[in-house]
Amino acid sequence: MSFNTISVIGLGYIGLPTAAMFASRKKKVIGVDVNQYAVDTINRGEIHIVEPDLDMIVHAAVTEGFLKATLTPEPADAFLIAVPTPFKNNDSEIPEPDLSYIKKASEAIAPVLKKGDLIILESTSPVGATEQMAEWLAEARPDLIFPQTVGEVADVNVAHCPERVLPGHVVRELVENDRVIGGITSQCSERAVELYKTFVKGECVITNARTAEMAKLTENSCRDVQIAFANELSIICDKLDIDVWELISLANRHPRINILQPGPGVGGHCIAVDPWFIVSRAPEEAQIIHTARKVNDSKPQWVINKVKLAISDFLQANPTKTAKDVTIACYGLAFKPDIDDLRESPALNITKQIAQFHSGRVLVVEPNINQLPESIHYLNLVTFDTAKNEADVHLLLVDHKSFKTSLIKSELLVDTKGIWK
Ligand code: SAJ
């Protein structure tokens with residue numbers, strides 16, 4: 001059975017581009033989101049997130065009538081769930097995954113499900129989440145037969161197909177990347193492959209739902225471990241008076257070595273979150289993965305200590321001044337270069353903490369936003385040149401392209417990305 005109408009639940013950084021891709025292939029797409037602002041923006045043919053080239057695709061899809069956004073799910077032939085899977089906000093040492101958004105999305109689509117529908121979970125999920133989602137759907141729709149109980153003869157199909165696209169390159173990677181497709185049954189997988197082949201040029205590789213869940217978590221945990229190695233090296237090199245950037249570029253000349261880059265910590269809603277989904281399910285066994293999380297999470301505090309040292313150096317050189325007279329400039333707030341996404345950003349976290357302890361001015365330069373986030377709204381968002389001219393201590397937090405072309409030379413510079421050294 002072909003897919004004439006496709007519904008995407010959650011129109012964020014993954015859901016909206018995915019919806020737009022289907023619509024660009026002339027499929028009728030119904031995007032669903034709980035955020036009225038997102039729905040209104042999309043229905044005007046505009047976008048509420050920053051992602052290169054997405055604005056044109058959404059604009060064309062909406063004006064040609066292939067994409068519409070709504071607050072309430074409508075019947076469709078396939079449902080793709082792309083809602084957040086954060087971790088629970090409790091104080092336990094190992095954070096637990098929060099599946100409440102998946103549960104709400106399941107409850108929202110359940111009333112409009114019909115025989116023959118395909119439901120795909122795209123959200124990054126702990127192992128077992130797809131089976132759990134299928135259970136929630138089955139509880140809400142006892143009149144439909146689900147694959148987890150009857151296998152191939154089910155009324156509906158359920159699969160996990162994790163998104164794996166890199167923010168900033170989403171439009172290209174959605175088409176070119178291989179997809180891992182984990183159906184609850186073989187038929188579920190095959191139907192999911194048929195759906196993705198609408199726009200995916202990469203290979204669609206079939207496995208089961210649990211392996212597909214673990215594959216995504218493994219990719220991001222692997223990157224987290226590699227970044228932790230780079231961050232640990234940066235701290236060791238600082239102690240031993242070695243330039244870590246030079247060291248890494250030398251080591252990377254070895255044909256089998258490819259060390260990643262240190263930074264102010266690991267941010268975003270994926271790499272800093274997903275490894276915990278493995279650790280929480282296998283706490284005794286996930287030793288390296290757990291340690292990498294701790295190494296990366298402790299890097300912001302190390303950076304803050306460096307800023308404190310720079311402030312005392314300034315005060316030592318200027319004995320008539322007090323901390324109140326010291327202006328600190330923070331360059332970059334996003335969780336990585338050339339995007340506007342501040343979620344789980346170590347740069348934002350560090351800036352926030354500096355603003356809390358520092359009695360002098362804190363200037364913020366972030367070329368990708370027009371307004372500071374609520375948590376630091378009282379600071380000054382300034383241009384690069386203002387910060388360069390007015391600050392005493394300079395803290396480079398994100399290696400945005402525009403920062404790379406304007407060098408800052410100062411004795412009181414903390415350069416977490418090694419671009420102004
Ligand atoms: N980072 C470093 N050093 C590096 C590379 C990255 O400190 O050498 C930092 C970044 O500054 C950022 C964090 O790591 O704070 C994460 O950035 P990222 O570019 O590594 O990854 P994300 O979170 O933008 O996207 C990742 C990607 N996963 C992998 O590369 C394995 C992407 O393919 C996934 O789809 C995405 O997570 C996701 O949604 O899960």
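This passage describes the surroundings of the ligand in a predicted model. Residues are numbered from 1 along each chain as its sequence is written. In this predicted model, local features need pLDDT of at least 70 and side-chain atom pairs count only at pLDDT 80 or more, while totals for chains, interfaces and linings use all residues, and side-chain values use heavy atoms, with hydrogens and water left out.

The shell around the ligand holds 19 residues, of which Glu163, Lys216, Arg223, Gln261 and Phe335 come nearest, a residue being near if one of its heavy atoms lies within 4 Å. By class, nine of the shell residues are nonpolar, three are polar and seven are charged. Helix H9, which spans residues 209-240, gives the most to this shell, with five residues; helices are DSSP runs (H or I, at least four residues) numbered from the N terminus. Domain 1 (5-202) and domain 2 (243-415) both contribute residues to the shell, so the ligand lies between them, the domain bounds coming from an automatic or database domain assignment.

Backbone N or O atoms also approach oxygen atoms of the ligand, at 2.7 Å for valine 165, at 2.9 Å for glycine 267 and at 2.6 Å for phenylalanine 335. The protein covers 88% of the 770 Å² of accessible area that the ligand has on its own, as computed by the Shrake-Rupley method with a 1.4 Å probe.

Technical notes:
A polar contact is a pair of N or O atoms within 3.5 Å; within protein, one must be able to donate a hydrogen and the other to accept it, and residues adjacent in sequence count only if both atoms are side-chain atoms. Helices (H or I, at least four residues) and strands (E, at least two) are DSSP runs, numbered from the N terminus. Ala, Val, Leu, Ile, Met, Phe, Trp, Tyr, Cys and Pro count as nonpolar, Asp, Glu, Lys and Arg as charged, and the others, Gly among them, as polar.
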